[in-house]
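Biologist: Before I use any of the labels on this model, I would like to hear what stands behind them. Please show me the structure and take my questions in turn.

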Amino acid sequence: MTTQREYKEGRRELRLVSSCEDPALWTHPQLDLYSLSEIANKKKFEPLPQQSAKLYLIPSSFGEEYEPGFEPVPTSASELPDLHTWTMKFAVSVVEIWAGRRQPAQLISRCHRHIYMQLLKQVGSQKEIGRIRTIHQSQPLDGICESTITVRYGDRLRAMVIRFEGVDKRWLCTELRLL
């Protein structure tokens, strides 16, 4: 911790470089710190080496252990099917399963085993087929999609929350809830 006296004696002070100062500094996920004297003197900064993103998906396992060589392999979103179409088809299927109008086995390859077992327990839990109104999606990391879908059941509006992870060259549902 720097005391007031150390600050007045001219000891170096560090500050965080803002994202609006130089976009070239944001080519990697870790921020760099520069001293105020270097910034005040407009000293030329060495160009930063190009780095690949270090944030990546660790597939959800729900506590399962895998044999070496058989663990789920994360997949980039660029190698996966169109996200909006995938989400829409999946959501329609889930709404029909909850109404008892579709067999849950049709989604067995699109859900983690843990989520599929929950889905089996919810077959026929809704009296009618809901109408999907809106889909809001975000991708916090490459290969992860978090979707919020509004569904109308008669006069009631409910939210369905779905999380997809890119695993083994396909989107896999790892979270599914109706709020």
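Biologist: How many helices and strands are there in the chain?

Modeller: The model is a predicted one. The chain has four helices and six strands. Read from the N terminus, the elements follow the order α-β-β-α-α-α-β-β-β-β.

Biologist: Why is the pair Arg163 and Glu146 called a salt bridge?

Modeller: The closest N and O atoms of Arg163 and Glu146 are 2.7 Å apart. The cut-off is 4 Å between a side-chain nitrogen of Lys or Arg and a carboxyl oxygen of Asp or Glu, so the pair counts as a salt bridge. Side chains of opposite charge can pair when their charged atoms come close.

Biologist: Where in the chain do Arg163 and Glu146 sit?

Modeller: Arg163 is in strand 5 (residues 156-167) and Glu146 is in strand 4 (residues 144-153). The two residues are 17 residues apart, and the pair links distant parts of the chain.

Biologist: Which residues are joined into one network by salt bridges that share partners?

Modeller: Take the other pairs before the network. Glu165 forms a salt bridge with Arg163, with 3.1 Å between the closest N and O atoms. Glu175 forms one with Arg177, where the closest N and O atoms are 3.0 Å apart. Shared partners join Glu146, Arg163 and Glu165 into one network. The whole structure has five salt bridges.

Biologist: What makes Glu165 buried and Arg177 exposed?

Modeller: Glu165 has 1% relative accessibility. Buried means under 20%, so Glu165 is buried. Arg177 has a relative accessible area of 51%; exposed means over 50%, so Arg177 is exposed.

Biologist: Why is Glu175 called partly exposed?

Modeller: Its relative accessible area is 25%. Partly exposed lies between the 20% and 50% cut-offs, so the label fits Glu175. Arg163, at 24%, is partly exposed, and Glu146 is partly exposed at 33%.

Biologist: How do you know that Gln126 is buried?

Modeller: Gln126 has a relative accessible area of 18%, and the cut-off is under 20%, so Gln126 counts as buried. Gln126 is found in the loop between helix 4 and strand 3 (131-138). Leaving out residues up to four places away in sequence, Gln126 touches Trp98, Ala99, Tyr153, Arg158 and Leu178.

Biologist: Which residues touch the most other members of the largest nonpolar core?

Modeller: They are Phe90, Met160, Ile162 and Leu176, in a core of 26 residues. Helix 3 (83-98), helix 4, strand 4, strand 5 and strand 6 (170-178) each give two or more residues to this core. Helix 3 supplies the largest share, eight residues. In soluble globular proteins, nonpolar side chains tend to be buried together.

Biologist: What does Phe90 touch, not counting residues up to four places away in sequence?

Modeller: Phe90 touches Leu107, Arg110, Cys111, Ile162, Phe164, Cys173 and Leu176.

Biologist: What makes Met117 eligible for a nonpolar patch on the surface?

Modeller: Met117 has 41% relative accessibility, and a patch takes residues with over 30%, so Met117 passes that cut-off. Met117 forms the patch with Leu120 and Val123, and together they have about 230 Å² of accessible area. Met117 lies in helix 4 (residues 113-121).

Biologist: How much of the chain is buried, and how much area does the chain expose?

Modeller: Buried residues make up 30% of the 179 residues. The chain exposes about 12300 Å², and carbon and sulfur atoms supply 52% of that area.

Key:
Residues are numbered from 1 along each chain as its sequence is written. This is a predicted model: local features need pLDDT of at least 70, side-chain atom pairs count only at pLDDT 80 or more; totals for chains, interfaces and linings use all residues. Side-chain values use heavy atoms; hydrogens and water are left out. Buried means under 20% relative accessible area, exposed over 50%, partly exposed in between (1.4 Å probe, protein chains only). Patches are made of residues with over 30% relative accessible area and no salt bridge: like charges are joined within 9 Å, nonpolar side chains (Val, Leu, Ile, Met, Phe, Trp, Tyr) within 5 Å. Accessible areas come from the Shrake-Rupley method with a 1.4 Å probe; for residues, only the protein chains shown count as cover. A nonpolar core is a set of buried Ala, Val, Leu, Ile, Met, Phe, Trp, Tyr and Cys residues joined through side-chain atoms within 4.5 Å. Contact means heavy atoms within 4.5 Å.
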